[in-house]
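Reader: I should be grateful for a close look at one helix of this model and at the way its neighbours pack against it. Please set that part in the context of the buried interior and of the loops around it.

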Amino acid sequence: MLIFMLIALIAGFLLSNQSPINTDLSRIVKSPFIAGSISFVVGTLFLAVLSLAMSGRLIPSIGFIQTQPVWVWLGGALGVIYLTSNILLFPKIGAIQTTILPILGQIVMGSIIDLFGWFGAAKVAMTPWRLIGILILVVGVVVAVVLPSFRNRDVRTFDSTVTHRNQQSVVIGWQIWGVIVGIFAAMQQAINGHLGTLLQSTSQAAFMSFLIGTFLIIIVALIIDKRLPTVNELKATRPWDWFGGILGSLFLFVTVVTVPQIGTGLTIMMGLIGQIIGSILVQQFGWWQSIRQHMVPAQVLGIVLMLIGVGLIKMA
């Protein structure tokens, strides 16, 4: 179990590097949706090569597709909803809530999926120690993510301006959607993990999920931006601007591997810890031309609390 927890942690760390890379790509192509499309295409091609190398297959047989419920193919669609919603949430509810609400949705839904065994997951009882561990982990997330952002005057000013600019009912609606988006993200990981079990191929399951997501994000980009990236825009990219899709596809591949082994909830939690640690290091060292922000004690304390929470969950 420990090795799969470590793999999920590393995958979360890698995923944290995708956001600043895609941010730079968005600046160059002048659209987060076009940047997302490029990222998905690159990730799909990477997973195609991986799937052919590992299983010698890409697309499942028609017979397999016809005999499976529709929901096993929803992982890619849920991933696109998560990506586009994060872009839309930021100007509606601000940076702090855009970060924390989906995380809370993921943790809660991941625990519920394990409790009831939804999406083909093995049932995991909610013992008192497991519940305490989850609560401590949530506190750790709040300490590591919310407190440092709340102490940043620019972030507070931006978030206050955004929330006061919209009607309260509209803000509440977007806040609810932020939690739902996190729920969708947890469902995506559980569904993809089950698809990998059904196909008996983690690489093929990851490829299919990414392929479906690629088609959908391209459609979204064409509807919103009504154009493709220009040749000059693509020439202006740096070599590392193309790595975001590979990092995202690796994260998806790892979740397909780990969900059947350690459960949806623990996969999500370890991935989140990896993402938070990675984000702190990205800001600390200014990787991928991101704005430097020095690590603060609250972030260290938050990570320690999250690890304690995970330890209690594993002990349970």
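Author: The model is a predicted one, and the account that follows centres on helix H11. The helix H11 spans residues 244–262, and helix H12 spans residues 264–285; their axes approach to within 7 Å and cross at roughly 140°. That angle makes H11 oblique to H12, because the oblique class takes in angles that are neither under 35 degrees, nor over 145, nor from 65 to 115. The crossing of H11 and H12 is right-handed. On the H11 side, the contact is made by Phe251, Thr255, Thr258, Val259 and Ile262, while H12 contributes Thr264, Leu266, Thr267 and Gln275. Sorted by class, the residues of this contact comprise four nonpolar and five polar ones, with no charged residue.

One residue of this contact merits separate attention. Thr255 belongs to helix H11. With a relative accessible area of 2%, Thr255 is buried, since the limit for that class is under 20%. Setting aside its neighbours within four places in sequence, Thr255 is in contact with Gln189, Pro260 and Thr267. Of these partners, Thr267 is also named among the H12 residues in the contact between the two helices.

The packing of H11 with helix H9 comes next. Helix H9 covers residues 202–225, and H9 and H11 pack at an angle of about 130° with their axes 9 Å apart. H9 is therefore oblique to H11. The handedness of this crossing is right-handed. From H9, the residues Thr202, Ser203, Ala205, Ala206, Ser209 and Phe210 meet Gly245, Gly248, Ser249, Leu252, Phe253, Val256 and Val257 of H11. The contact of H9 with H11 divides by class into seven nonpolar and six polar residues, and no charged residue takes part.

A further partner of H11 is helix H2, residues 18–29; the axes of H2 and H11 come within 9 Å and cross at roughly 145°. The crossing of H2 and H11 is left-handed. Here Gln18, Ile21 and Asn22 of H2 meet Gly244, Gly245, Leu247 and Gly248 of H11. By class, the contact of H2 with H11 consists of two nonpolar and five polar residues, again without a charged one. Gly245 and Gly248 of H11 appear in this contact and also in the contact with H9.

The loops that flank H9 contain two residues with positive phi. Gln200 is located in the loop between H8 and H9; its phi is near 55°, a positive value in a residue other than glycine. Gln200 has a relative accessible area of 73% and is therefore exposed. Lys226 is placed in the loop between H9 and helix H10 (231–235), and phi of Lys226 is likewise near 55°, positive although the residue is not glycine. Lys226 is exposed, with a relative accessible area of 66%.

The buried interior provides the wider setting. The largest nonpolar core has 39 residues, and those with the most contacts inside it are Ile107, Leu137, Val141, Met306 and Val310. Two or more residues of this core come from each of helix H1 (2–16), helix H5 (75–116), helix H6 (128–151), helix H8 (168–199), H12 and helix H13 (297–315). H5 gives the largest share, 10 residues. Leaving out residues up to four places away in sequence, Val141 touches Ile100, Ile103, Ile107, Val146, Ile276 and Met306. Another core lies apart from this one; it has 19 residues, among them Phe64, Trp73, Leu195 and Phe207.

A last buried residue, Phe33, lies in helix H3 (residues 32–54). Its relative accessibility is 8%, so Phe33 counts as buried. Not counting residues up to four places away in sequence, Phe33 touches Thr84, Ile87, Leu88, Ile217, Val220, Ala221, Ile224 and Asp225. The C-alpha atoms of Phe33 and Leu135 are separated by 35 Å, and the two residues are 102 residues apart along the chain.

Key
Residues are numbered from 1 along each chain as its sequence is written. This is a predicted model: local features need pLDDT of at least 70, side-chain atom pairs count only at pLDDT 80 or more; totals for chains, interfaces and linings use all residues. Side-chain values use heavy atoms; hydrogens and water are left out. Axes are lines fitted to C-alpha atoms, for helices over the stretch in contact, and angles run from 0 to 180 degrees between N-to-C directions. Helices (H or I, at least four residues) and strands (E, at least two) are DSSP runs, numbered from the N terminus. A crossing is left-handed if the near helix is turned anticlockwise from the far one by less than a right angle, and right-handed if clockwise. Contact means heavy atoms within 4.5 Å. Ala, Val, Leu, Ile, Met, Phe, Trp, Tyr, Cys and Pro count as nonpolar, Asp, Glu, Lys and Arg as charged, and the others, Gly among them, as polar. A nonpolar core is a set of buried Ala, Val, Leu, Ile, Met, Phe, Trp, Tyr and Cys residues joined through side-chain atoms within 4.5 Å. Buried means under 20% relative accessible area, exposed over 50%, partly exposed in between (1.4 Å probe, protein chains only).
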